[in-house]
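Please open the model in your viewer and keep the sequence beside it, since this tour moves from one selection to the next. At each stop, select what is named before reading on.

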Amino acid sequence: MAAETIRNFLENGTRRNNIYFPAATIVGRPDSLVQFTILNKNERGVLVKITETFAQKEMNTLQQMNTSKESVAYNAVDFTGDNSGGFTDFKKVQDRITMAEGVTSISAF
């Protein structure tokens, strides 16, 4: 069960059976997508900062999931992997979101 839970998180961004984080499921994620998983404070305005950063880089969200548990929020956001700027643009977006107030951590898969 633990191995399957870890594999599911790494492959799909799914979280479950965790006492600190909310359960989260995102379905149907093809290999060609880039997924950002973002852990942030569950406060007003933090999600707006995150989505505005994606919009400023003209990244179109294909699928998004947001869930929270008490003071913690978890987001998984999928984009196509063929961004005209290539992977370096994804890295710049990741760096910018990391610096946003209220964001705890971000990973790109």
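With which side chain does the side chain of glutamine 35 make a polar contact? Before you look for the partner, keep in mind that this is a predicted model.

**First stop: glutamine 35**

Select glutamine 35, which you will find in strand 1, and then add aspartate 78, because the side chains of these two residues make a polar contact of 2.8 Å. Glutamine 35 counts as buried, because its relative accessibility is 1%, and the limit for that word is under 20%. Now add alanine 108 to the selection: although glutamine 35 and alanine 108 are 73 residues apart in sequence, their C-alpha atoms are 5.5 Å apart in space.

**Second stop: the whole chain**

Clear the selection and colour the protein by secondary structure, so that you can follow its 3 helices and 4 strands. Starting from the N terminus, the elements come in the order α-β-α-β-β-α-β. Of the 109 residues in the protein, 38% are buried. If you consider the contacts between residues at least 6 apart in sequence, 64% of them join residues at least 24 apart. When you switch on a surface display, you are looking at an accessible surface of about 6700 Å², of which 51% belongs to carbon and sulfur atoms.

**Third stop: the nonpolar core**

Hide the surface again and select Phe36 and Phe54, the residues with the most contacts inside the largest nonpolar core, which has 15 residues. The elements that give two or more residues to this core are strand 1 (33-41), helix 2 (46-56), strand 3 (72-80), helix 3 (87-98) and strand 4 (103-108). Keep phenylalanine 54 selected and show what surrounds it: leaving aside neighbours within four places in sequence, phenylalanine 54 is in contact with Phe36, Ile38, Met59, Val77, Phe79, Val93 and Ile97.

**Fourth stop: the aromatic rings**

The structure holds 4 aromatic pairs. One of them is formed by phenylalanine 36 and phenylalanine 54, whose rings are tilted, with 5.4 Å from centre to centre and 50° between the planes. Phenylalanine 36 lies in strand 1 and phenylalanine 54 in helix 2, so this pair ties together parts that are 18 residues apart in sequence. Both phenylalanine 36 and phenylalanine 54 are buried. To see the wider group, select Phe36, Phe54, Phe79 and Phe90 together, since they form one aromatic cluster.

**Fifth stop: threonine 53**

Move to threonine 53, which lies in helix 2. Is threonine 53 buried or exposed? Threonine 53 is buried, because its relative accessible area is 7%, which is under the 20% limit. Show the backbone of lysine 49 as well, and you will find its oxygen 2.9 Å from a polar atom of the threonine 53 side chain. Beyond neighbours within four places in sequence, threonine 53 is in contact with Val93, Arg96 and Ile97.

**Last stop: a salt bridge**

Finally, select lysine 91 and aspartate 95, which form a salt bridge with their closest N and O atoms 3.2 Å apart; the count of salt bridges comes to 1. Lysine 91 and aspartate 95 both lie in helix 3, where they are 4 residues apart, about one turn of the helix. Lysine 91 is partly exposed, with a relative accessible area of 39%, and aspartate 95 is also partly exposed, with a relative accessible area of 37%.

Methods: Residues numbered from 1 in each chain as written. Predicted model: local features only at pLDDT ≥ 70, side-chain atom pairs only at ≥ 80, totals over all residues. Heavy atoms only, no water. Core = buried A, V, L, I, M, F, W, Y, C linked by side-chain atoms within 4.5 Å. Buried < 20%, exposed > 50% of the residue type's maximum accessible area, 1.4 Å probe, protein only. Contact = heavy atoms within 4.5 Å. Polar contact = N/O pair within 3.5 Å; in protein donor to acceptor, adjacent residues only side chain to side chain. Salt bridge = Lys/Arg side-chain N within 4 Å of Asp/Glu carboxyl O. Areas by Shrake-Rupley, 256 points an atom, 1.4 Å probe, with all protein chains shown as cover. Phe/Tyr/Trp six-rings, centres within 6.5 Å; stacked < 30°, edge-to-face > 60°.
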